[in-house]
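Open the model in your viewer and keep the sequence panel visible. This tour tells you what to select next and what is there.

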Amino acid sequence: MKISTKGRYGLTLMISLAKREGQGCVSLKTIAEENNLSDLYLEQLVGPLRNAGLIRSVRGAKGGYQLRVPADEIKAGDIIRLLEGPISFVESIDSEPPAQKELWLRMRDAVREVLDGTTLKYLVEFNDSDKLDNYMFYI
């Protein structure tokens, strides 16, 4: 499984909206500029996200996009599956030998667990320096 730019940029878009949760709407142009992305490409991603009820659009001078669902209720897996399709490593897994089938299923389940156990709120609050404190380095 390889996550394409649809999944990556869609996740970036949703994280940007989650950072502004409760602050009103933001334009795609602003999000695109902040993340060095194409606003035209982001426009292609908002349709499925809006249709799924994850975001809403507001028209007008102070319009733009905002989360419809709280950031702590949106999982990374929701976004990836919506934009990329089902999480799978092998097509027609039923034709695989039993040992290999077990491996592919375990890999799929592990990825699902990570994606479905990671909320937008977690990604917004993530801090690299917190992770580095847990390691000891010896020279």
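Select Arg 20 first, in what is a predicted model. Leaving out its neighbours within four places in sequence, Arg 20 is in contact with Val 26, Thr 30, Ile 31 and Glu 34. Show those four side chains together with Arg 20. Where does Arg 20 sit along the chain? Arg 20 belongs to the loop between α1 (5-19) and α2 (28-35). Is Arg 20 buried or exposed? Arg 20 has a relative accessible area of 17%, and buried means under 20%, so Arg 20 counts as buried.

Next, step back along the sequence to Ser 16, which lies in helix α1. The relative accessible area of Ser 16 is 4%, so this residue is buried. Which residues does Ser 16 contact, apart from its neighbours within four places in sequence? The partners are Ile 31 and Asn 35. Keep Ile 31 on screen, because Ile 31 is in the contact list of Ser 16 and also in that of Arg 20.

Now colour two helices, α1 and α3 (residues 39-51). Their axes are 10 Å apart and the packing angle is about 80°. Angles of 65 to 115 degrees count as roughly perpendicular, so α1 is roughly perpendicular to α3. To see how the two helices meet, select these residues:

- From α1: Thr 5, Lys 6, Tyr 9, Gly 10, Leu 13 and Met 14.
- From α3: Tyr 41, Leu 42, Leu 45, Val 46 and Leu 49.

Together these residues make the contact between α1 and α3.

Move to Asn 36, in the loop between α2 and α3. What is the phi of Asn 36? The value is positive, about 55°, although Asn 36 is not a glycine. Turn on the surface at this point: the relative accessibility of Asn 36 is 71%. Exposed means over 50%, so Asn 36 counts as exposed.

Go on to Gly 53, in the loop between α3 and β1 (55-58). Gly 53 is buried, at a relative accessible area of 17%. Not counting residues up to four places away in sequence, Gly 53 touches Arg 68 and Val 69. Then draw a distance line from the C-alpha atom of Gly 53 to that of Pro 98. How many ångströms separate these two atoms? The separation is 39 Å, for residues 45 apart along the chain.

Select Lys 121 next, in helix α6. Its relative accessible area is 38%, so Lys 121 counts as partly exposed. Lys 121 touches Ala 71 and Asp 72, with residues up to four places away in sequence not counted. Draw another line, this time between the C-alpha atoms of Lys 121 and Ile 15. These two residues are 106 residues apart along the chain, yet their C-alpha atoms are separated by 8.1 Å.

The last single residue is Asn 127, in the loop between α6 (120-125) and α7 (128-132). Asn 127 is partly exposed, with a relative accessible area of 35%. From Asn 127 to Ala 52 there are 75 residues in sequence and 29 Å in space, C-alpha to C-alpha.

Finally, clear the selection and look at the whole chain. What elements does the protein chain have? There are 7 helices and 2 strands. Along the sequence their order is α-α-α-β-β-α-α-α-α. Rotate the C-alpha trace: along its principal axes the trace spans about 60 × 45 × 25 Å. Of the 139 residues, 29% count as buried. Among contacts between residues at least 6 apart in sequence, 63% join residues at least 24 apart.

Show the surface once more. The accessible surface of the protein chain comes to about 9,300 Å², and 50% of that area belongs to carbon and sulfur atoms. Colour by charge to end the tour: the chain has 19 positive and 20 negative charges, and the mean positions of the two groups are 6 Å apart.

How values were computed: Residues numbered from 1 in each chain as written. Predicted model: local features only at pLDDT ≥ 70, side-chain atom pairs only at ≥ 80, totals over all residues. Heavy atoms only, no water. Helix = DSSP H or I, 4+ residues; strand = E, 2+ residues; numbered from the N terminus. Buried < 20%, exposed > 50% of the residue type's maximum accessible area, 1.4 Å probe, protein only. Contact = heavy atoms within 4.5 Å. Areas by Shrake-Rupley, 256 points an atom, 1.4 Å probe, with all protein chains shown as cover. Lys, Arg positive; Asp, Glu negative; His and termini not counted. Charge placed at Lys NZ, Arg CZ, Asp CG, Glu CD. Axes fitted to C-alpha atoms, helices over the stretch in contact; angles between N-to-C directions. Parallel < 35°, antiparallel > 145°, perpendicular 65-115°, else oblique.
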